[in-house]
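Here's a quick walk through some charged pairs and one serine. Have the structure open while you read.

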Amino acid sequence: VIDPGHGGEDPGAVGPKGTMEKNVNLNIAKYLKEMLVRENYKVFLTRDEDKFIPLAERTKFANDKNANLFVSIHCNASEKRTGTDKGFEIYFLSENATDPDAVATEKLENEVVKFEKQTPELTKLQKILWSMIVNEFMNESSKLCSLILQEVVQRTDLNNRGVKQAGFYVLRGAQMPAVLVECGFISNPY
């Protein structure tokens with residue numbers, strides 16, 4: 001299952017010329033799906049149009065499809081130019097982010113919960129699911145991150161920002177190896 005991040009009323013990050021992350025993510029996901037289908041993979045998208053889908057429904061969709069992998073597609077952003085705001089990085093789920101940049105990315109990507117209706121029961125259930133699942137697929141997710149990163153580095157000239165860990169809500173609850181890809185910085189005009 002490929003998950004084009006954001007959508008609908010949630011634009012994600014917005015580039016300097018108004019490019020919305022939700023649209024870039026959807027285009028990348030559709031292109032990736034085409035590539036994988038040509039290689040005889042069975043591929044599902046969590047969304048194939050500009051609509052908002054709550055984070056928990058995205059992993060539920062993957063679970064219901066009995067997916068072998070869950071890949072959430074995103075574009076990174078930086079509030080101000082730092083000189084390090086360029087390149088490709090990939091994440092797997094962890095309770096603790098690996099570095100300050102991972103913390104910032106986690107915060108940015110998790111802002112989508114403001115578009116979701118939270119109830120105390122749902123929040124409690126999410127915490128229980130989090131504690132049960134977080135470690136089950138951690139090793140496989142880490143290996144998947146390394147494999148994807150290796151292929152991206154070999155096939156592109158993107159700056160390699162590495163494999164990182166963070167507590168992305170969209171990865172919680174996935175009952176399979178799950179990763180979040182930051183394809184590049186939409187905030188970087190280059």
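## Asp 64 and its partner

In this predicted model, Asp 64 counts as exposed, because its relative accessibility is 52% and the cut-off for exposed is over 50%. What does the side chain of Asp 64 meet in a salt bridge? That would be Lys 60, with an N to O distance of 2.7 Å. Lys 60 comes out as partly exposed, at 47% relative accessibility.

Both residues belong to helix α2, which covers residues 55-64. They sit 4 residues apart, or about one turn of the helix.

## A second pair within a helix

Now look at helix α5, home to both Glu 151 and Arg 155. Here, too, the spacing is 4 residues, about one turn of the helix. The side chains of Glu 151 and Arg 155 form a salt bridge at 2.9 Å, N to O.

Are these two partners buried or exposed? Arg 155 is exposed, with a relative accessible area of 68%, while Glu 151 is partly exposed at 27%.

## A buried pair across strands

Next up are Glu 89 and Arg 161, whose side chains meet in a salt bridge of 2.9 Å, N to O. This pair ties together distant parts of the chain, with the two positions 72 residues apart in numbering: Glu 89 is in strand β3 (residues 88-93) and Arg 161 is in strand β4 (residues 160-166).

Glu 89 has 0% relative accessibility, so it counts as buried. Arg 161 is at 14%, and that also makes it buried, because the cut-off is under 20%.

Which residue joins Glu 89 and Arg 161 in a network of salt bridges? Lys 164 does. As for the general idea, side chains of opposite charge can pair when their charged atoms come close. Across the whole structure, a search turns up 6 salt bridges, and the Glu 89 to Arg 161 link is one of them.

## Ser 141 in helix α5

Back to helix α5, which runs over residues 138-155 and includes Ser 141. Ser 141 counts as buried because its relative accessibility is just 5%.

Where does the Ser 141 side chain reach? It gets to the backbone oxygen of Phe 137, at 2.8 Å. Leaving aside residues up to four places away in sequence, Ser 141 touches Phe 92, Pro 177, Ala 178 and Val 179.

Conventions
Residues numbered from 1 in each chain as written. Predicted model: local features only at pLDDT ≥ 70, side-chain atom pairs only at ≥ 80, totals over all residues. Heavy atoms only, no water. Buried < 20%, exposed > 50% of the residue type's maximum accessible area, 1.4 Å probe, protein only. Polar contact = N/O pair within 3.5 Å; in protein donor to acceptor, adjacent residues only side chain to side chain. Contact = heavy atoms within 4.5 Å. Salt bridge = Lys/Arg side-chain N within 4 Å of Asp/Glu carboxyl O.
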